[in-house]
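Got your viewer ready? Open the model, switch to cartoon view, and keep the selection box handy.

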Amino acid sequence: MEKKNTVTDNGRKIALLHWKIQQWKLKFQLMDDEIVFIKRLLDSNAFKPNIPNLFERLQDYKTRLQVIEKRNAAVRSQISLHENNLGNELDIADSSISADDVKKNDSLQVNVDECQRDYQNLKGEIFNYTGSIFIMNEPERK
């Protein structure tokens with residue numbers, strides 16, 4: 001009876017870690033979609049002309065987005081490896097979740113949170129800057 005409870009508890013722990021991984025993947029997918037939009041915005045002609053240092057500022061944002069994308073890709077790779085390891089343990093009926101698995105999961109959570117925070121900060125900075133320099137169409141007069 002003791003062994004059955006341990007296996008069930010272990011299965012729940014692995015399932016919880018797997019659920020967290022799925023949430024991380026969703027966050028990264030949302031970031032990917034938003035980054036596509038932001039890149040298109042930065043490449044558009046939607047901004048007022050004659051804004052000092054506009055080109056340089058937009059280029060800086062593009063470069064910083066690339067850095068975030070590379071970092072996200074590295075963290076995603078770590079997540080995939082971790083997910084595969086958990087899947088292998090789930091396939092082995094008597095396997096138990098190790099302290100290393102929990103530690104790896106916690107470390108990945110920190111990395112995911114840092115990626116998310118850095119991206120949200122940059123996105124806010126881009127939107128605050130670009131929001132004030134859009135070309136505004138005059139309403140049609142009849």
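Here is a short walk through the model, one selection at a time.

**Before you start.** This is a predicted model, in which local features need pLDDT of at least 70 and side-chain atom pairs count only at pLDDT 80 or more, while totals for chains, interfaces and linings use all residues. Residues are numbered from 1 along each chain as its sequence is written, and side-chain values use heavy atoms, with hydrogens and water left out.

**Stop 1: the whole protein.** Show everything as cartoon: you'll see 3 helices and 0 strands (DSSP runs of H or I with at least four residues for helices, and of E with at least two for strands, numbered from the N terminus). Read along the sequence, that gives α-α-α. Now colour by pLDDT, the predictor's confidence in each residue, from 0 to 100. The protein averages 89, and 87% of the residues score at least 70. Among the elements, α1 has the lowest mean at 87, and α3 the highest at 96.

**Stop 2: helix α3.** Select residues 99–130, which make up α3. What span should its 32 residues have at 1.5 Å a residue? The expected value is 46 Å, and the end C-alpha atoms are 46 Å apart, which agrees (expected span is 1.5 Å times one less than the number of residues). Next, pick out the buried residues of α3, including Leu108, Val112, Cys115, Tyr119, Leu122 and Ile126. Buried means under 20% relative accessible area, exposed over 50%, and partly exposed in between, using a 1.4 Å probe and protein chains only. An α-helix has 3.6 residues a turn, so residues three or four places apart point the same way.

**Stop 3: the core.** Show Phe28, Leu42, Tyr61, Leu65, Ile79 and Ile126 as sticks: these have the most contacts inside the largest nonpolar core, a group of 28 residues. (A nonpolar core is a set of buried Ala, Val, Leu, Ile, Met, Phe, Trp, Tyr and Cys residues joined through side-chain atoms within 4.5 Å.) Each of α1, α2 and α3 supplies at least two residues of this core, with α1 giving the most, 10 residues. Zoom in on Ile126: leaving aside residues up to four places away in sequence, Ile126 touches Ile38, Leu42, Tyr61, Leu65 and Gly131. Contact here means heavy atoms within 4.5 Å.

**Stop 4: rings.** Select Phe47 and Phe134. They form a stacked aromatic pair, 5.6 Å centre to centre with 15° between the planes. (Rings of Phe, Tyr and Trp, taking its six-membered ring, pair if their centres lie within 6.5 Å; planes under 30 degrees apart count as stacked, over 60 as edge-to-face and the rest as tilted.) Phe47 lies in the loop between α1 and α2 and Phe134 in the segment after α3, so the pair ties together parts that are 87 residues apart in sequence. Are these two rings buried or exposed? Phe47 is buried at 7% relative accessibility, whereas Phe134 is partly exposed at 28%.

Then add Arg57 and Tyr129: Arg57 lies over the face of Tyr129, at 3.9 Å from the ring centre. (The cut-offs are NZ of Lys or CZ of Arg within 6 Å of the ring centre and within 35 degrees of the ring normal.)

**Stop 5: the loop.** Last, select Asn50, in the loop between α1 (2–43) and α2 (54–91). Its phi is near 65°, a positive value in a residue other than glycine, and Asn50 is exposed at 77% relative accessibility. Asn53 is found in the loop between α1 and α2 too, with a positive phi near 60° and a relative accessible area of 53%, which makes Asn53 exposed.
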